[in-house]
Amino acid sequence: MAFTRLRRRIHAQLGRPRGLAGLLVGQVLNRANAPALRGTLAMLEASPGDRVADIGFGAGGLGLRLLLDQVGETGVVYGIEPAAVAITGARIRFLRELRSGRLRLEQAPMSQIPLPENSLDGITTVNTVYYIDDTELTKSFRELIRVLRPGGRLIVGLGDTDHLSTLPWHDVMQLRPLTEVAGMITDAGFTINDHRRVGRSARAFHAYIATAPA
C-alpha cells in the first residue's frame, strides 16, 4: 500500500511537477532522457542569433541549456512552461542568462504562448503531448504556427508508443498512435519534412521535423 501511494505521487509529478518532489523528479528525468533530448533538440539546427523556444521544458531544464548553446551569445531562448516549480528552478539555474536577456521565461500552457506573431525562428517541444487532451493539443499546435515566423522549424519529440505503454506510469499519459500525432501537426498547418528516430532500441525517441507555412 505504501509503495502504491509513493508510485502515484511520483507519477503525478510527470505532467505537472510541483514542489521539491517535482524538482527531484525533473533531475532524474534529465539524466534518464539526456541522450534522447540531446539528439532531438539537435534537429532544430538553430543558428547563432536565432530566437527559439522550448515549450514545456520541465523541472529538469536540460533543453534550455542545449538551446542556449545553439543560439550563442547573440540569440534568445524562451522557456515556456505551465508548472511554477519548473519556472522557479530555471530562474535559479540560469540566473546569468536571465540577467543578460539570453533566456526569457514565461509561465503559460502551449495553447496560450505570450509572444507576438512570427516572433520565433524555431520551437522544440519534447515529452509534452502525452499530458495534453485532444482539444487543447489541437489548439496548441495552431498556437505554435502563430508564433513561428514563416518557414520556421518545429521539432516535436515523443517516446515510442509501444514502449511507453509498458511503463508503470502509462495510466497518467494520453498515448496516441504516432500517425495521429502527425495528423494533428499537419492539420494545424505545418508541413512535416521528416520523421527520425533517436536511438535504435524500443525506447528510442521519435522526432517530427516540421516547418510553418511560408
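Start by selecting Glu-117, which is exposed because its relative accessibility is 56%, over the 50% cut-off. Bear in mind that this is a predicted model.

**Stop 1: around Glu-117**

Glu-117 sits in the loop that links strand 3 and strand 4. Now add Arg-146 and Val-147 to the selection. Glu-117 touches both, leaving aside residues up to four places away in sequence. Next pick Ile-145. Between Glu-117 and Ile-145 there are 8.6 Å in space, C-alpha to C-alpha, although they are 28 residues apart in sequence.

**Stop 2: the whole chain**

Zoom out and show the cartoon. Count eight helices and seven strands. The chain has 214 residues, and 50% of them are buried. Switch to a surface view. About 10500 Å² is exposed, with 53% of that supplied by carbon and sulfur atoms. How much of the contact total joins residues 24 or more positions apart? Among contacts with a separation of 6 or more, the share is 75%.

**Stop 3: the sheet**

Hide the helices and keep the strands. The seven strands form an open sheet, and the pairing is mixed. Read across it in the order 3-2-1-4-5-7-6. Which strands stand at the edges? Select residues 103-107 for strand 3 and 191-198 for strand 6. Each of these has a single partner strand, so one of its sides has no neighbour in the sheet. Turn the view to look along the sheet: from one strand to the next, the twist averages 15 degrees.

Strands of a sheet pair through backbone hydrogen bonds, and the pairing can be parallel or antiparallel. For a parallel case here, select strand 1 (residues 51-55) and strand 4 (residues 120-126). Three bridges join them. Pick Ala-53, then find Ile-123, its bridge partner in strand 4.

**Stop 4: two helices on the sheet**

Bring back helix 6, residues 134-147. Helix 6 lies across strand 1, strand 4 and strand 5 (148-159). Its angle to strand 5 is about 145 degrees.

Then show helix 8, residues 178-187. Helix 8 lies across strand 5, strand 6 and strand 7 (205-211). It runs at about 20 degrees to strand 7.

Keep both helices on screen. The axes of helix 6 and helix 8 come within 8 Å and cross at roughly 45 degrees. That crossing makes helix 6 oblique to helix 8. Show side chains where the two meet. Helix 6 brings Asp-134, Leu-137, Thr-138 and Phe-141 to the contact, while helix 8 brings Glu-180, Met-184 and Ile-185. What kinds of residue make up the contact of helix 6 with helix 8? Four are nonpolar, one is polar and two are charged.

**Stop 5: two positive phi values**

Select Glu-45, in the loop between helix 2 (19-42) and strand 1. Its phi is near 55 degrees, a positive value in a residue other than glycine. Is Glu-45 buried or exposed? Glu-45 has a relative accessible area of 52%, so it counts as exposed.

Finish at Asn-127, in the loop between strand 4 and helix 6. Asn-127 is not a glycine, yet its phi is positive, at about 60 degrees. Its relative accessibility of 23% makes Asn-127 partly exposed.

Notes. Residues numbered from 1 in each chain as written. Predicted model: local features only at pLDDT ≥ 70, side-chain atom pairs only at ≥ 80, totals over all residues. Heavy atoms only, no water. Helix = DSSP H or I, 4+ residues; strand = E, 2+ residues; numbered from the N terminus. Buried < 20%, exposed > 50% of the residue type's maximum accessible area, 1.4 Å probe, protein only. Contact = heavy atoms within 4.5 Å. Areas by Shrake-Rupley, 256 points an atom, 1.4 Å probe, with all protein chains shown as cover. Pairing = 2+ DSSP bridges. Axes fitted to C-alpha atoms, helices over the stretch in contact; angles between N-to-C directions. Parallel < 35°, antiparallel > 145°, perpendicular 65-115°, else oblique. Nonpolar A, V, L, I, M, F, W, Y, C, P; charged D, E, K, R; others polar.
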